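Grab a pencil and work through these exercises with the structure open beside you. Try each task yourself before you read its solution.

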Amino acid sequence: MNPTVQRRPGALVFQLSKAIYEKDAVLAAAYALSGLCSNRVEPGPDEGSVTVILKPLAGPEAPDLDVLEHRFLTEVLDQQFRLDLERRYGDLRRLIIEHAFSPLANLKQEVKKAVGRD
């Protein structure tokens, strides 16, 4: 299910697939836009989806709905990508940080473990 967007007067309603976007990515994306809009995240119409409602805040800096739509879809994709990268390379990143502060005698062996080649 691709994200769908419904426009209401002064609001955008997104339906996102839970199979594509994790809860943490959706919440982080909504939070990232909290300075531009009020937001609400709730269960979707079916078990496999989540609904996000964004309403631009009033004021001279308020984004129009086109800008808000683009920013949210970009942000939720970015947040999901970050989660995917952490899952894939998080162990290696932690190993690099650990080695930078306290060099490891068995670095090659630890790298093999981190990348799954041991």
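## Exercise 1: The nonpolar core

Keep in mind that this is a predicted model. Task: find which members of the largest nonpolar core touch the most other members, and which elements supply the core.

Solution. Step one: pick out the well-connected members. The largest nonpolar core has 15 residues, and those touching the most other members are Phe14, Leu16, Val26, Val52, Leu54, Phe72 and Val76.

Step two: see where the core comes from. Two or more residues each come from S2, helix H1 (23-32), strand S4 (49-56) and H2. The biggest giver is H2, with four residues.

Step three: put this in context. In soluble globular proteins, nonpolar side chains tend to be buried together.

## Exercise 2: Two rings

Task: work out whether the rings of Phe14 and Phe72 are stacked, tilted or edge-to-face.

Solution. Step one: count the pairs. There is one aromatic pair in the structure.

Step two: look at the geometry. The ring centres of Phe14 and Phe72 are 4.6 Å apart, and the planes meet at 40°. Planes under 30 degrees apart would count as stacked and over 60 as edge-to-face, so this pair is tilted.

Step three: place the rings along the chain. Phe14 sits in strand S2 (residues 11-17) and Phe72 in helix H2 (residues 65-101), so the pair ties together parts that are 58 residues apart in sequence.

Step four: check the surroundings. Phe14 and Phe72 are both buried. Skipping neighbours within four places in sequence, Phe72 has contacts with Phe14, Leu16, Ala29, Ala30, Leu33, Val52 and Leu54.

## Exercise 3: A hairpin

Task: describe how S1 and S2 are joined, and say which residue stands opposite Arg8.

Solution. Step one: check the direction. Strand S1 (residues 4-8) and S2 run antiparallel, and five bridges join them.

Step two: find the facing residue. Opposite Arg8 you'll see Ala11 in S2.

Step three: go round the turn. S1 and S2 make a hairpin with two residues between them, and Gly10 in that turn has a positive phi of about 70°.

## Exercise 4: Charged partners

Task: out of the nine salt bridges, follow the ones made by Arg7, Glu22 and Arg82, and sort them into links between distant parts and links inside a helix.

Solution. Step one: recall the idea. Side chains of opposite charge can pair when their charged atoms come close.

Step two: start with Arg7. Its side chain meets that of Asp66 in a salt bridge (2.5 Å, N to O). Arg7 is in strand S1 and Asp66 in helix H2, 59 residues apart, which makes this a link between distant parts of the chain. Arg7 is partly exposed, at 42% relative accessible area.

Step three: move on to Glu22. The side chains of Glu22 and Arg87 also meet in a salt bridge (2.5 Å, N to O). This pair links distant parts too: Glu22 is in the loop between S2 and H1, and Arg87 is in helix H2, 65 residues apart. Glu22 is partly exposed at 27% relative accessibility, while Arg87 is exposed at 54%.

Step four: finish with Arg82. Arg82 forms a salt bridge with Asp78, and the closest N and O atoms are 3.0 Å apart. Both residues lie in helix H2, four residues apart, about one turn of the helix. That puts the pair in your "inside a helix" group. Arg82 is exposed at 52% relative accessibility, and Asp78 is partly exposed at 29%.

Methods
Residues numbered from 1 in each chain as written. Predicted model: local features only at pLDDT ≥ 70, side-chain atom pairs only at ≥ 80, totals over all residues. Heavy atoms only, no water. Phe/Tyr/Trp six-rings, centres within 6.5 Å; stacked < 30°, edge-to-face > 60°. Buried < 20%, exposed > 50% of the residue type's maximum accessible area, 1.4 Å probe, protein only. Core = buried A, V, L, I, M, F, W, Y, C linked by side-chain atoms within 4.5 Å. Contact = heavy atoms within 4.5 Å. Pairing = 2+ DSSP bridges. Salt bridge = Lys/Arg side-chain N within 4 Å of Asp/Glu carboxyl O.
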